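Subject: Structure for you to look at

Hello,

I am passing on a structure that you have not worked with before. Please open it first; my notes on what was found follow below.

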Amino acid sequence: MDKDGKRELGGKVELTLEIVNEKEADERPAGKGRDEPNMNPKLDPPKRPETSFFWFTNPCKTCKFIVWRRFKWLFIGLVVLILVLLFIGILLYSLPNYISMKIVKPFN
């Protein structure tokens with residue numbers, strides 16, 4: 001790859017090449033890449049780190065590896081705060097009805 005007018009190593013490719021005659025090629029078929037029949041030579045799945053992804057195509061992984069790691073406790077705190085506020089709001093909404101029922105006692 002060119003960087004500032006100088007050539008620099010941009011990556012590496014591992015390649016194995018086997019030259020066989022037509023009879024051997026018919027006996028031992030090979031697919032393209034990891035396509036079937038993946039037996040001659042057997043190609044294992046690539047070993048990539050879990051964080052190598054394109055963030056735009058997989059936003060769930062983006063949330064998991066970037067957002068969740070940095071803001072985990074903030075999200076957990078906000079969820080707990082919202083639940084407590086909902087509980088207090090429901091309590092304040094229904095409390096006058098319970099108090100008036102205790103005072104009036106309509107079912108006695």
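Helices and strands here are DSSP runs, of at least four residues for a helix and at least two for a strand, numbered from the N terminus. Please keep in mind that this is a predicted model.

Fold. On that basis the protein has two helices and two strands. Their order along the sequence is β-β-α-α.

Surface. Of the 108 residues in the protein, 4% are buried. The exposed area is about 10,900 Å², and 64% of that comes from carbon and sulfur atoms.

Negative patch. E22, E24, D26 and E27 form a negative patch on the surface. One of these residues, E22, belongs to helix α1, which covers residues 22-27. E22 has a relative accessible area of 64%. Exposed means over 50%, so E22 counts as exposed.

Aromatic rings. Two rings pair if their centres lie within 6.5 Å, and planes under 30 degrees apart count as stacked. By this rule there is one aromatic pair. The pair consists of W68 and F75: their ring centres are 6.3 Å apart and their planes meet at 10°, so the pair is stacked.

How exposed are the two partners? W68 is partly exposed, at 39% relative accessible area. F75 is also partly exposed, with a relative accessibility of 36%. Both values fall between the 20% limit for buried and the 50% limit for exposed.

Regards

Methods: Residues are numbered from 1 along each chain as its sequence is written. This is a predicted model: local features need pLDDT of at least 70, side-chain atom pairs count only at pLDDT 80 or more; totals for chains, interfaces and linings use all residues. Side-chain values use heavy atoms; hydrogens and water are left out. Rings of Phe, Tyr and Trp (its six-membered ring) pair if their centres lie within 6.5 Å; planes under 30 degrees apart count as stacked, over 60 as edge-to-face and the rest as tilted. Buried means under 20% relative accessible area, exposed over 50%, partly exposed in between (1.4 Å probe, protein chains only). Accessible areas come from the Shrake-Rupley method with a 1.4 Å probe; for residues, only the protein chains shown count as cover. Patches are made of residues with over 30% relative accessible area and no salt bridge: like charges are joined within 9 Å, nonpolar side chains (Val, Leu, Ile, Met, Phe, Trp, Tyr) within 5 Å. A salt bridge is a side-chain nitrogen of Lys or Arg within 4 Å of a carboxyl oxygen of Asp or Glu. Lys and Arg count as positive and Asp and Glu as negative; His and the chain ends are not counted. The place of a charge is taken as NZ of Lys, CZ of Arg, CG of Asp or CD of Glu.
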